[in-house]
Amino acid sequence: MTTPEGTPRAPRARDGGGTGGGADGATERRLHPVTPFRRAWAPIAVVVGWAVHDPDQAHRQLSGLTTTTLLIGLAVIVPAAALYGFLTWWFTHFSVTGTELRIRTGLLFRRTAHIRLERIQAIDVTQPLLARVAGVAKLRLDVIGTDKKDELAFLGADDARALRAELLARAAGFAPETAHEVGEAPATRLLRVPPGVLAVSLLLTGATWGTLAGAVVVPTVLWLFTHNLWTVLAAALPLLGAAGASSVGRFVGEYDWTVAESPDGLRVDHGLLDRAHETVPPGRVQTVRIVQPLLWRRRGWVRVELDVAGSSNSLLLPVAPREIAESVVARVLPGVTVPPRSALSPAPRRAARCTPLWWRGYGFTETDAVFAAGYGLLKRRLALVPHAKVQSVRLAHGPWQRANRVADVHVDTGANKTVTARQRDLGEAAELLRRQAERSRTGRRDARPDRWMTS
């Protein structure tokens, strides 16, 4: 599943639609000319939303209109929507300075976003299906301290990649006059998930069969008890939607999953209809989780999930052999070796009084690099937290745990997530609390800086 492959450098960024310079000489650019067609749907969407929200009132209103009135209404609404789309595009500009990306928007009320380059966590290029047909793409930016992604939609596909390379180059410290020439950093392919393997892995996932069973059993039971078609449809449609999302939806979204390594991080490309080009930023990964459903164990497959500070990227590998997955994890967390399941020390037997049966799935170990906690009997999970990424460490035990001399040790990360070593011996937990606090301090002191495009 691993084949090295070089990726050519991107062409020089173009200033398509430049509109002059700002106060600091930065050239302002416009979005792609196809953007007005996307924004023209906003007024029409308002009308459709009103009709869906109150269908009876909408039906009465439309029934009272003549054909001539409807045609006149369309003759007014369609040009007005087109004019709205054009004006919003015309009054939207962006520019790149030596320190920030500026986005100016607003038809009546002006808004200027100042995005400092050193605060950018990740820059992703995404192409929905219609955007791929039109040859355009979205540029989405994860920025420290914001929950919502800023985006530029749409740019030409080549321009989006070139602008992404330019932003990364400037964030890495390249001079503005040379950032255009740097281009996209070369990449080496590490892994590509074949569609057949992805399909089989989804079929061997319990959630897929569970939602499918629910979509069949629940409507059948409701029909036997109520004989009401609307009640059956109200229950069946959400269940069928959930079943589709857990199987077909995941296959479409994770299709042709490819991971490549470059100086600006691990690049992830995926998608059958909507194509996404994402980057796992170097140094921003707070937690790595290796997940292995029950039916995957015989084939030795695992799934690798991530918690990344300030980013919505949460999946590194949808499915891969464990050996290959561990080699990719070593690229994300340099110097980290994934401990085998046998290396985890189990919870003491008295923990069964607190969590019957499930205590057997709990395990913990620590290395010089990571805090590692395992949990799960049927679906095994192993969470790895580098010591340098631990923001705080806590010991917690309720009355029943105190009676049985066990406690949980929680470590909190910069991604607002918590990893827990569950049901540890009370003395071991107290010592672990002290030891982890010290390792976190020394780990942060010795950690390399989080920088783009650095080796």
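User: In what sense do strand 16 and strand 17 pair, and over how many bridges?

Analyst: The general idea first: strands of a sheet pair through backbone hydrogen bonds, either parallel or antiparallel. In this predicted model, strand 16 and strand 17 (residues 380-386) take the antiparallel option, with six bridges. To pick out one pair by eye, go to Gly-374, whose bridge partner in strand 17 is Leu-382.

User: What sits between those two strands in the hairpin?

Analyst: Four residues separate strand 16 from strand 17 there, and Gly-376 in that hairpin has a positive phi near 105°.

User: And on the other side, how is strand 15 joined to strand 16?

Analyst: Strand 15 (residues 363-366) runs antiparallel to strand 16, with four bridges between them. A hairpin of three residues makes the link. For a landmark, Glu-366 is opposite Phe-371 of strand 16.

User: Is strand 16 mostly covered or uncovered?

Analyst: In general, side chains in a regular strand alternate between the two faces of the sheet. As for strand 16 (residues 370-375), it's mostly covered, with five of its six residues buried.

User: Zooming out, what is the strand order in the sheet?

Analyst: Read it as 13-12-11-17-16-15-14: an open sheet of seven strands with antiparallel pairing. Strand 13 (315-321) and strand 14 (345-346) are the edges; each has a single partner strand, so one side of each lacks a neighbour in the sheet. Strand 13 gets its four bridges from strand 12 (residues 301-308), again antiparallel, and Val-302 faces Ala-320 of strand 13.

User: Now the packing. Which residues touch the most other members of the largest nonpolar core?

Analyst: That core has 37 residues, and the ones touching the most other members are Leu-191, Val-259, Leu-266, Val-285, Val-288, Leu-316 and Leu-317. Another core, of 23 residues, lies apart from it; Leu-117, Leu-141, Val-143 and Leu-155 are among its members.

User: What does Val-285 contact, leaving aside its neighbours within four places in sequence?

Analyst: You'll find Val-280, Leu-306, Asp-307, Val-308, Val-332, Leu-333 and Lys-389 in contact with Val-285.

User: Last one: which elements give two or more residues to the nonpolar surface patch?

Analyst: The patch covers about 1,200 Å², and its residues include Val-216, Trp-223, Phe-225, Leu-229 and Trp-230. Helix 9 (206-226) and helix 10 (229-254) are the elements you're after, with helix 9 giving the most, six residues. Take Leu-229, which is in helix 10: exposed means over 50% relative accessible area, and Leu-229 counts as exposed because its relative accessibility is 51%.

Notes
Residues numbered from 1 in each chain as written. Predicted model: local features only at pLDDT ≥ 70, side-chain atom pairs only at ≥ 80, totals over all residues. Heavy atoms only, no water. Patch = residues over 30% accessible without salt bridge, like charges linked within 9 Å, V, L, I, M, F, W, Y side chains within 5 Å. Areas by Shrake-Rupley, 256 points an atom, 1.4 Å probe, with all protein chains shown as cover. Salt bridge = Lys/Arg side-chain N within 4 Å of Asp/Glu carboxyl O. Buried < 20%, exposed > 50% of the residue type's maximum accessible area, 1.4 Å probe, protein only. Pairing = 2+ DSSP bridges. Core = buried A, V, L, I, M, F, W, Y, C linked by side-chain atoms within 4.5 Å. Contact = heavy atoms within 4.5 Å.
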